[in-house]
Amino acid sequence: MAIKQAVSAQESKNKGAKGAASPADLPTSVDTIKAGILHNLLTIQGRDPERSGSTDVCKALAYSVRDIMVKKWIATQKSYYKAGEKRVYYLSLEFLIGRSLVSSMINLGVFEAAKEALAELGYDIDRISDEEEDAGLGNGGLGRLAACFMDSIATLKIPAYGYGIRYEYGLFTQRLVDGYQVESPDNWLQYGTPWEFERRMPVFPVQFYGNVITELDKYGNYRARWVNTQQVMAIPCDMLVPGYGNDHVINMRLWTAKASRELDLNYFGQGDYINAVQSKVSSETISKVLYPPDHNLAGQELRLRQQYFFVAATFQDILRRFRKTNSDFANFPNAVAVQLNDTHPAIAIPELMRILLDIEGLSWEKSWNICVRTFGYTNHTLMPEALEKWSVDLMGRVLPRHLQIIYEINQRFLEEVAQEYPGDAGKLRAMSLIEEGEVKKVRMAHLAVIGSHSVNGVAALHSELLKTRLFPDFYRMYPERFNNKTNGITPRRWLLQANPQLATLISDKIGDKWITNLDQLEKLEPFAEDALFRARWREIKDSNKDRLATYIRKTLKIEVSPRTLFDVQVKRIHEYKRQLLNALHVIYLYQQMLQHPEEVFAPRTAVFAGKAAPSYWRAKLIIKLINALGEVINNDPRVNSLLKVVFLPNYTVSQAEIIIPAADLSEQISTAGTEASGTGNMKFALNGALTIGTLDGANIEIREEVGEENIFIFGMTAEEVEFEKLNPSRTPEGICQANPAIREVMDSIAGGAFSRGDKKLFQPLFETLMSPHDQYLLLLDLESYIACQRRVRELYLDQENWTKKSILNVARIGKFSTDRTIRQYSEEIWGIPVE
């Protein structure tokens, strides 16, 4: 009825106004947003507003928000050209965007107006925003960090662009079938997205395969030409990102692969219709799916093609923009800064060299100088398997010219190494870009280090380990290149949007400047001693826990009590992140509750979520174990009011926005020295959860900020882990012999207590745990973890003190904003001052 009245009113306005402006041309208000929704339903979506559903209205509202953004984006771009500013190009294979509607409206300052407009049309804004698909163009922390960076770049008004791939299918949709992870395609673009502008210009050709010929140019200089190549066309799609309250809008440019021709007429004329379209299908596979499996040659080749595809298209776009105002490439590093988000885009280094050498005709020395001054490299991992290496054969077949350039870079670099370390063949072998062995491989991380003027880690410990463990020889040669940029999160998404009640309480007490200056949260400290404030703090936490409990009931048909301790571990499932350690403690807790009913336990709900890589069978078996624990524990009446275990399927950004504000305890328990930084730890702390964790990644800096009395730390340090691996002082078997409770935990897994009597099901996990070669040292940290969890229990039973510590965590977490991180990148790496 409400929308019918609105349609009638709008029609009356239109009749009475000759040459009336489009809603997008008017100042933003409740009426213009409402008019925009009705206009978009009719003219863009072809829907009768009176018969439109929530999905239609969600899309119409998104188009209205995009209309507001696009004008600001055009003005922003014009300001860049007018000022002649240096531009930043942030290259990332992942952008875990999530939903954009609410965050865009908040940053544009139109959320309340949109809420009222929807209410007048008879819709609830929460229900409408839930209709939006998550853009899952990332795997986890790396992609989510990139998305947070875009928000901060826009908010700080840095002239920058994000570049990546517009995957037709995101990571995957995770379902649980009998406790096992089952993957299905994440077709987030099935019904299109209102956020993108697919451009017809500029469109760039990207080359693959072929061969290289050499010739002399007219000056007698050696030149290479890459010929007989196969071409794929790169189509740009722009997604806009608004800054907070500043009219500054930037864009992510995501590339889609299109065939250079739709079909092969030779095959078509012969009636061979399959081969006629084969080239088209092969070409467009490049942007089909995020992270194809790379355990086979075809998957590896596709991943390499993906990486080069988006890098090559991006550099053609960079050069198009550069040439508008520059003709001298000596000025290139003064106009362009390129940040490589991990090793995935490292092929950009030989690509820029190819352009400068083969197309622009510059000398090697000038080209290399430009290259090094242009690139910055962010390393995101200490895991050897994540430091990409491509076989020389594969690289030579797919990108023959780039392999030549890599060999030339390597030869010149090794000459430099030989001068530094004369006669040291071992040093040459260790630092070479080419890993010798049965299969020769190109070490992309080494390439990124020597081809960049800046190499940064993402937490203080991680950056130190880059220098001492991962790249020690490179650090000795180029100490000035290495630096730290501790990660952060955007407070707009992870507090203002995700936890509006808490955000309102904070703003009521200290004002709203914290939204763009998170250090302002320190003003909350005195309120930790205010009993009324603590009571309101707990009310908000309870409200968020009620919401999560409702979500769990709807999703899993499991009843959990919101008045229990919500013990949460949500992240990618990987052995080094040690979800299995958490599961061992759950078993321990369950057994203690059964054996000691006289003890006072803090009732607890253990919440897990996260996806395992499809081919990572051991991680998938951990998911099965967690679900098996839930099957037994949740159905045991003896502990029904004390302990529940839930694994929420299909973890996404939107799901995180429900889970994180509800958490009491944040599990950050990776083996020390394995997690680069982590950002989930920051999101939980910002929302008032207390952290239990190891001295790993950014946990160390969080402890420094919040105070060691306000965080639960356990386990070995990174140094102790390394020493224990080289000089074992304890074995899992010895620990079990000395600690009967731990032996009982292990026996229950081996004996089939959680696998319906099947002793073989979890045998692989049992064997790894009991192995003296368990590289993640779970049992060696388990005793410390159990003791630390006892401290958690004791504190949680004292709600006044728990709440004080919760408030202090929020008050002291201001350092961990991406606004601070990006300011440091901009001023210290990109050479762009921030106001």
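## Exercises on a predicted model

In this predicted model, strand E20 (residues 565-570) and strand E21 (residues 604-609) run parallel to each other and are paired over six bridges.

**Exercise 1.** Starting from the pairing of E20 and E21, find the bridge partner of Val568 in E21, then work out which strands stand at the edges of the sheet.

*Solution.* Begin with the register of the two strands, where Val568 has Val607 as its bridge partner in E21. Next, place this pair in the open sheet, whose six strands follow the order E22-E21-E20-E23-E24-E25 with parallel pairing. Strand E22 (643-648) and strand E25 (712-713) each have a single partner strand, so they stand at the edges and one side of each is left without a neighbour in the sheet.

**Exercise 2.** Determine which strands helix H24 and helix H33 lie across.

*Solution.* Take helix H24 (residues 617-633), which lies across E21 and E22 and runs at about 140° to E22. Then turn to helix H33 (residues 799-811), which lies across E20, strand E23 (665-668), strand E24 (690-693) and E25, with an angle of about 85° to E24.

**Exercise 3.** Classify the ring pair of Phe329 and Phe332 and that of Tyr796 and Trp802, and decide whether the residues are buried or exposed.

*Solution.* A pair of aromatic rings is described by the distance of the centres and the angle of the planes. With ring centres required to lie within 6.5 Å, the count comes to 25 aromatic pairs. One of these is formed by Phe329 and Phe332, whose centres are 5.9 Å apart and whose planes differ by 25°, and this pair is stacked. Phe329 has a relative accessibility of 7% and therefore counts as buried, while Phe332, at 0%, is buried as well. For Tyr796 and Trp802 the centres are 5.0 Å apart and the planes stand at 85°, so the pair is edge-to-face; both Tyr796 and Trp802 are buried.

**Exercise 4.** Identify the charged residues that lie over the faces of Tyr81 and Tyr421.

*Solution.* Over the face of Tyr81 lies Arg87, at 4.4 Å from the ring centre. Over the face of Tyr421 lies Lys427, for which the distance to the ring centre is 4.9 Å.

**Exercise 5.** Describe the surroundings of Ser748 and explain why Ser748 counts as buried.

*Solution.* First locate Ser748, which lies in helix H30 (residues 740-750). Its relative accessibility is 10%, and because buried means under 20%, Ser748 counts as buried. Finally, leaving aside residues up to four places away in sequence, Ser748 touches Ile587, Gln591, Ala753 and Phe754.

Notes: Residues are numbered from 1 along each chain as its sequence is written. This is a predicted model: local features need pLDDT of at least 70, side-chain atom pairs count only at pLDDT 80 or more; totals for chains, interfaces and linings use all residues. Side-chain values use heavy atoms; hydrogens and water are left out. Rings of Phe, Tyr and Trp (its six-membered ring) pair if their centres lie within 6.5 Å; planes under 30 degrees apart count as stacked, over 60 as edge-to-face and the rest as tilted. Buried means under 20% relative accessible area, exposed over 50%, partly exposed in between (1.4 Å probe, protein chains only). A charge sits over a ring if NZ of Lys or CZ of Arg is within 6 Å of the ring centre and within 35 degrees of the ring normal. Two strands pair if DSSP finds at least two bridges between them. Helices (H or I, at least four residues) and strands (E, at least two) are DSSP runs, numbered from the N terminus. Contact means heavy atoms within 4.5 Å. Axes are lines fitted to C-alpha atoms, for helices over the stretch in contact, and angles run from 0 to 180 degrees between N-to-C directions.
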